Amino acid sequence: MAPILKGEVDIVIPTIRSLDFLENWRPFFEPYHLIIIQDGDPTKVIKVPEGFDYELYNRNDINRILGPKANCISFKDGACRCFGFLVSKKKFIYTIDDDCFVAKDPTGKDIDALAQHLENLTKPSTPYFFNTLYDPYREGADFVRGYPFSLRAGVPTAVSHGLWLNIPDYDAPTQLVKPLERNKTYVDAVMTIPKGTLYPMCAMNLAFNRELVGPAMYFGIMGDGQPIGRYDDMWAGWCSKVVCDHLGYGVKTGLPYLWHSKASNPFANLKKEFKGLFWQEEMIPFFQSVTLPKECTNAQQCYLELAKQAKEKLGPIDPYFHNLADAMVTWIEAWEEFNTPAKSNTNSSESA
Ligand SMILES: O=c1ccn([C@@H]2O[C@H](COP(=O)(O)OP(=O)(O)O[C@H]3O[C@@H](CO)[C@H](O)[C@H]3O)[C@@H](O)[C@H]2O)c(=O)[nH]1
Ligand SMILES: [Mn+2]
């Protein structure tokens, strides 16, 4: 069978470890193009398994390509992955961590996570009214009795948030008290997250429509030189959900699962997350109450407005939020530079 949407998908992988995990994904990923963001020491040579089509960027490349704007891309944090979103030219992005493997469904069959994401993204969402049989567009399901006919067309789907078997995406305190907990529950469901409801978006197994929501998928300034780390995907999740709600796009969560193999160190994570654990209690109410003016009709405009409001409302918590808001603006400037027709050549350090 021909690979689905082959020329319209980039797979973005941030890595500070190795790319050995790709061997496990070979049957599913080999037909697609990979954008690898090598984090940490740029002099380290990382091996990409034979046969994959890829471009690879290390920190020196990011600095060279973005110049002064490179300060909006994090160093020593998985947040560096958003550089791949910026330089991609494809409609869909699938991003995955380097410690994730192919999971099996309850019948023992290997799950093609990318195919399920593309199915989620190419079928509509239902953010305005919940369908109790979950995704009505899945084979074998439909809208249940009482579902408004006027809403059955749904809206375009912008984000597909997949889940994880084995190591769950816990914060450091939860990891510390439950070091042996493993997720073994496979829930065979895809559902739209209702309009007005936020969620903790994890970037381990995430796909999105770059054309609809790419500018709002900014992973912030985290890690080296910042007072916070590991809130990259949370930040992007809150921002992109607010933008999707405003623009009338859907966000789905559920299938596909993958197998998350490696628990990151909870003590190291606690240090990185510490301030975020407090700040999230103020960040979330901000996103819950934010409203975007009707003049904001695309993701760039929405994102600049969010940056303005974040500076004003979150700035008093800590000077970090001033810097983050400035970085959000820089990100949009970079986005416009890279995503305006005519300017597209990034000249990566390596490609095959
Ligand atoms: O400094 C770094 C640290 C990590 N990476 C790469 O980012 C991903 C995720 O890293 P890791 O597996 O260590 O983190 P988890 O706690 O398991 O994953 C969750 O935390 C996230 C928030 O940052 C992440 O999106 C979640 O899935 C790996 O590919 C690392 O190699 C990095 O590039 N730089
Ligand atoms: Mn991991």
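**Exercise 1. Ser-160 and its surroundings**

Determine in which strand Ser-160 is placed, and whether Ser-160 is buried or exposed.

*Solution.* Step 1: Ser-160 has its place in strand E6, which comprises residues 157–166. The structure is a predicted model, and the assignments that follow are computed from it.

Step 2: The relative accessible area of Ser-160 is 0%. Because buried means under 20% relative accessible area, Ser-160 is classed as buried.

Step 3: The side chain of Ser-160 has a polar contact with the side chain of Asn-120, at 3.0 Å.

**Exercise 2. The surroundings of ligand 1**

State how many residues surround ligand 1, and describe the shell around ligand 1 by class.

*Solution.* Step 1: Ligand 1 is surrounded by 22 residues. The closest of these are Pro-14, Arg-17, Asp-39, Asp-97 and Arg-230.

Step 2: Sorted by class, the shell around ligand 1 contains 12 charged, six nonpolar and four polar residues.

Step 3: Two secondary-structure elements, strand E1 (9–15) and helix H7 (232–247), each contribute at least two residues to this shell.

Step 4: As for the site itself, the largest pocket is the space taken by ligand 1.

**Exercise 3. Polar atoms facing ligand 1**

Find the distance from an oxygen atom of ligand 1 to a backbone N or O atom of Ile-16, to a side-chain N or O atom of Arg-230, and to a polar side-chain atom of His-260. Then state what percentage of the accessible area of ligand 1 the protein covers.

*Solution.* Step 1: For Ile-16, the backbone supplies the N or O atom, and the separation from a ligand 1 oxygen atom is 3.1 Å.

Step 2: For Arg-230, the N or O atom belongs to the side chain, and an oxygen atom of ligand 1 lies 2.7 Å away.

Step 3: For His-260, a polar atom of the side chain is 3.1 Å from an oxygen atom of ligand 1.

Step 4: On its own, ligand 1 has 660 Å² of accessible area, of which the protein covers 92%.

**Exercise 4. Backbone geometry**

Identify the sign of phi at Arg-230 and at Lys-76, and the form of the peptide bond from Leu-255 to Pro-256. Locate each of these sites in the secondary structure.

*Solution.* Step 1: Arg-230 is not a glycine, yet its phi is positive, at about 65°. Arg-230 is placed in the loop between helix H6 (210–213) and H7. Its relative accessible area is 24%, which makes Arg-230 partly exposed.

Step 2: Lys-76, also not a glycine, has a positive phi of about 60°. The loop that holds Lys-76 runs between helix H2 (59–66) and helix H3 (82–87). Lys-76 is partly exposed, at 44% relative accessible area.

Step 3: The peptide bond that leads from Leu-255 to Pro-256 is cis, and its omega is near 5°. Pro-256 belongs to strand E9, residues 250–260, and Leu-255 lies in strand E9 as well.

Step 4: Leu-255 is buried, with 3% relative accessible area.

**Exercise 5. Separation along the chain and in space**

For each of four residue pairs, set the separation along the chain beside the distance between C-alpha atoms, and place one member of each pair. The pairs are Leu-255 with Tyr-186, Pro-173 with Phe-267, Asp-142 with Arg-182, and Ile-11 with Thr-297.

*Solution.* Step 1: Leu-255 and Tyr-186 are 69 residues apart along the chain, and their C-alpha atoms are separated by 8.9 Å.

Step 2: Pro-173 lies in helix H5, residues 172–177, and is partly exposed at 34% relative accessible area. Along the chain, 94 residues separate Pro-173 from Phe-267, while the C-alpha distance is 8.8 Å.

Step 3: Asp-142 is found in the loop between helix H4 (113–122) and E6. With a relative accessible area of 46%, Asp-142 is partly exposed. Asp-142 and Arg-182 are 40 residues apart in sequence, with 33 Å from C-alpha to C-alpha.

Step 4: Ile-11 belongs to strand E1 and counts as buried, its relative accessibility being 0%. Ile-11 and Thr-297 are 286 residues apart along the chain, and 28 Å separates their C-alpha atoms.

Key: Residues are numbered from 1 along each chain as its sequence is written. Chains are lettered from A and ligands numbered from 1 in the order in which they are written. This is a predicted model: local features need pLDDT of at least 70, side-chain atom pairs count only at pLDDT 80 or more; totals for chains, interfaces and linings use all residues. Side-chain values use heavy atoms; hydrogens and water are left out. A residue is near a molecule or strand if one of its heavy atoms lies within 4 Å of it. A polar contact is a pair of N or O atoms within 3.5 Å; within protein, one must be able to donate a hydrogen and the other to accept it, and residues adjacent in sequence count only if both atoms are side-chain atoms. Accessible areas come from the Shrake-Rupley method with a 1.4 Å probe; for residues, only the protein chains shown count as cover. On a 1 Å grid over the protein atoms alone, a cavity is a set of points where a 1.4 Å probe fits but cannot get out, and a pocket is an open set with protein on both sides within 12 Å along at least five of seven lines; lining residues have an atom within 4 Å of a point. A molecule sits in a cavity or pocket if more than half of its atoms lie within 2 Å of its grid points. Helices (H or I, at least four residues) and strands (E, at least two) are DSSP runs, numbered from the N terminus. Ala, Val, Leu, Ile, Met, Phe, Trp, Tyr, Cys and Pro count as nonpolar, Asp, Glu, Lys and Arg as charged, and the others, Gly among them, as polar. Buried means under 20% relative accessible area, exposed over 50%, partly exposed in between (1.4 Å probe, protein chains only).
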